[in-house]
Amino acid sequence: MTQLLSACRPSLACIAFLALAAPAFAQRVDENATLDAEDAFGSNIGGEGLGIYSPTDVRGFSPTDAGNVRLEGLYIDRQTELTSRLVAGNRIRIGPTALGYAFPAPSGIADYRIRAAEADPVLSVAAKGDSFGGWLVEADALLPLAGRALGLAAGAGFYRNQYAFRNSNDVLSTSLSFVWRPNETTEIKPFWSRVGVDDEESYPIVIGDGQDLPARMTRRRFLGQDWADYEVERVTYGGLGRTRLGDFTLRGGVFRSANITTEGYTLLLDAAPPGTLAARTVTANPRRSNASTSGEVNIARAFTTGRVRHELLLAVRARSQTRFYGGSDHRSLAPAPFNEERAVARPAFVFGPRTEDRVRQWTAGLAWQARIDGLGRINLGLQRSDYRKRVTTPAEAPPQSRASPWLFSIAAEAELTPRLTLYGGMTRGLEESDIAPETAVNRDEAPPAIRTRQVDGGLRWQLGAMTLIAGGFEIEKPYYGLDRGNVFRRLGTVTHRGIEASLSGSPAPGLTLVAGGVLLDAKLSGEEVAGGSIGRRPIGTPSRSLTGTIDWRPPQLPALSFDVGIEHAGRRYADAANAVRVPARTIVDLGARYRFGIGKLPAVLRVQATNLFDTYGWDVEGNNAFAYIPSRQVTARMAIDF
């Protein structure tokens with residue numbers, strides 16, 4: 001801990017010194033997730049997100065697990081979270097918002113953008129505290145070194161987090177990037193970032209009895225063990241760039257993403273009536289790591305024939321991924337009264353050999369887009385992928401899986417009027433499946449890549465200052481999940497059919513609305529379902545998700561604004577047999593911003609109460625596995641631009 005703090009102070013002090021030494025223009029003071037959102041399908045700016053979808057959940061699936069993450073439009077096999085010190089935010093691209101991508105993905109696309117210096121210096125410092133006792137300090141600098149031609153971006157943050165389960169951690173996040181623009185058509189961005197997570201205590205996952213939900217627990221009570229900590233290092237680095245070569249545009253990027261867990265534990269607590277003894281188990285894990293080198297190179301040519309504007313694009317994507325996992329040791333701990341803390345000595349764990357999982361994949365594709373102003377556009381893509389996966393286990397001969405499918409996509413939109421557009425598309429993909437969760441017998445195991453299919457369509461309608469996007473979709477994939485024995489394996493086929501909508505814009509001066517929702521019908525099929533081994537519904541998928549955010553700045557008080565956010569999650573099944581159902585819940589958040597000056601420096605104070613009415617509910621962590629949702633929390637954050 002002392003080393004972490006000492007490493008933090010020089011970085012923050014350095015950036016603070018630069019901030020005091022040079023003038024700048026506003027940056028973090030103006031960050032507002034509601035005002036920044038283009039629609040309600042999901043976005044994030046400055047670490048604050050909104051919308052019905054996120055990088056881990058789009059239409060009931062995870063773009064991150066599926067390998068559908070992009071960094072400024074370029075393919076990256078992301079193995080760890082990207083720090084907000086490096087990236088300014090992300091947007092979810094589906095339906096009409098994915099039409100600009102040459103190869104749209106069945107699970108949607110999560111596209112991140114890197115912070116980059118422009119012609120003017122930007123230096124910001126932020127601090128935040130919360131009612132749980134957590135706090136943070138952050139500093140960001142965007143410094144032009146030679147006008148707009150050469151710039152430096154640097155960031156550092158120290159976080160002492162306190163969580164809903166009364167566990168905590170210390171996090172140090174740092175990043176460094178450059179941007180070089182030798183001419184108007186060329187840009188190169190090398191970057192590096194690291195996040196170190198220290199002393200994060202594991203919280204217990206509650207295992208139900210398969211008949212009912214666990215008894216209500218007292219929140220903010222530490223039920224873990226002081227020795228059961230996580231130590232994690234997250235590193236992302238690489239570079240991306242673009243240039244013009246005559247009539248051609250060349251873009252490319254190479255990235256390294258690694259998540260290294262040097263120490264980790266999983267605590268399980270059997271549900272029981274309050275105060276009665278409950279069984280407890282712990283799984284200790286040796287060093288685990290996920291690391292991948294990935295990238296993309298594409299070249300495009302735009303040309304016009306009559307009224308039609310065309311673009312042809314040739315792309316090559318590749319990745320080399322290596323994962324080490326397994327070798328865990330499982331131990332029973334002395335029972336303790338349910339929902340009461342009882343510390344025990346750390347067992348003498350003995351670790352076994354680990355499993356090595358290697359994936360090598362390349363994909364080449366050709367895409368054509370054509371657009372006629374006032375009429376519409378079409379996007380066609382064809383890809384050939386070569387996928388190889390080799391798993392080396394301690395006890396078996398290395399099995400290898402291979403796939404070399406042809407994949408296609410077609411999407412189009414038709415402008416019926418200047419305000420009304422119809423869109424539709426079909427996509428086939430080769431994606432990664434989810435990884436076996438912590439509660440699985442074969443935890444961390446990754447199945448081979450799966451073939452997926454998606455069909456979607458709908459409309460975009462401009463209603464004055466508001467934009468409505470509404471449509472339907474159907475996604476079909478092989479289903480990997482937990483069976484009744486908690487083994488993560490293929491159980492059949494999952495189909496998600498749904499209706500989604502987004503309404504966003506400014507209906508009145510000073511008022512911004514972002515609202516959306518999805519009604520989802522998720523069903524399983526196959527021999528396991530027909531034989532009654534599992535139910536017809538996948539674990540943990542809500543029947544509906546609704547969200548709405550309003551940001552209001554009173555005309556008489558332009559320095560002050562208020563925001564209200566509402567999130568509703570429909571009921572979901574918590575077990576493979578579909579015998580236990582988690583009820584629907586609604587969460588309300590309330591916040592305000594006050595903009596002011598400290599001398600000539602612009603500043604903003606952000607106060608927010610999340611889960612305002614202290615709603616109680618359960619998140620589903622796996623088959624009959626639960627964790628309660630966080631209780632009400634109040635945060636206060638101040639940012640200053642130098």
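**Exercise 1. Decide whether Tyr-573 is buried or exposed, and find what surrounds it.**

*Step 1.* Tyr-573 has a relative accessible area of 19%. Buried means under 20%, exposed over 50%, and partly exposed in between (1.4 Å probe, protein chains only), so Tyr-573 counts as buried.

*Step 2.* Please keep in mind that this is a predicted model, in which local features need pLDDT of at least 70 and side-chain atom pairs count only at pLDDT 80 or more, while totals for chains, interfaces and linings use all residues. Residues are numbered from 1 along each chain as its sequence is written, and side-chain values use heavy atoms, with hydrogens and water left out.

*Step 3.* Now place the residue: Tyr-573 sits in strand β30 (residues 572-573). Strands (E, at least two residues) and helices (H or I, at least four) are DSSP runs, numbered from the N terminus.

*Step 4.* Look for contacts, meaning heavy atoms within 4.5 Å. Beyond its neighbours within four places in sequence, Tyr-573 is in contact with residues including Pro-538, Asn-578 and Val-620. The C-alpha atoms of Tyr-573 and Pro-538 are 7.2 Å apart, although 35 residues separate the two in sequence.

**Exercise 2. Find which residues of the largest nonpolar core touch the most other members.**

*Step 1.* A nonpolar core is a set of buried Ala, Val, Leu, Ile, Met, Phe, Trp, Tyr and Cys residues joined through side-chain atoms within 4.5 Å.

*Step 2.* The largest such core has 34 residues, and Tyr-53, Leu-71, Tyr-112 and Phe-255 touch the most other members. Strand β25 gives the most to this core, with four residues.

*Step 3.* Follow Leu-71: among the residues it touches, leaving out those up to four places away in sequence, are Ile-76, Tyr-112 and Phe-255.

**Exercise 3. Work out which parts of the chain the salt bridge between Glu-138 and Arg-28 ties together.**

*Step 1.* A salt bridge is a side-chain nitrogen of Lys or Arg within 4 Å of a carboxyl oxygen of Asp or Glu. The side chains of Glu-138 and Arg-28 meet this way, at 2.7 Å from N to O.

*Step 2.* Glu-138 lies in strand β8 (residues 135-144) and Arg-28 in the loop between α1 (2-21) and α2 (33-36), so the pair ties together parts 110 residues apart in sequence.

*Step 3.* Check burial: Glu-138 is buried at 9% relative accessible area, and Arg-28 is buried at 2%.

*Step 4.* Widen the view: the whole structure holds 47 salt bridges. Those that share partners join Arg-28, Glu-31, Arg-85, Arg-115, Glu-138 and Asp-140 into one network.
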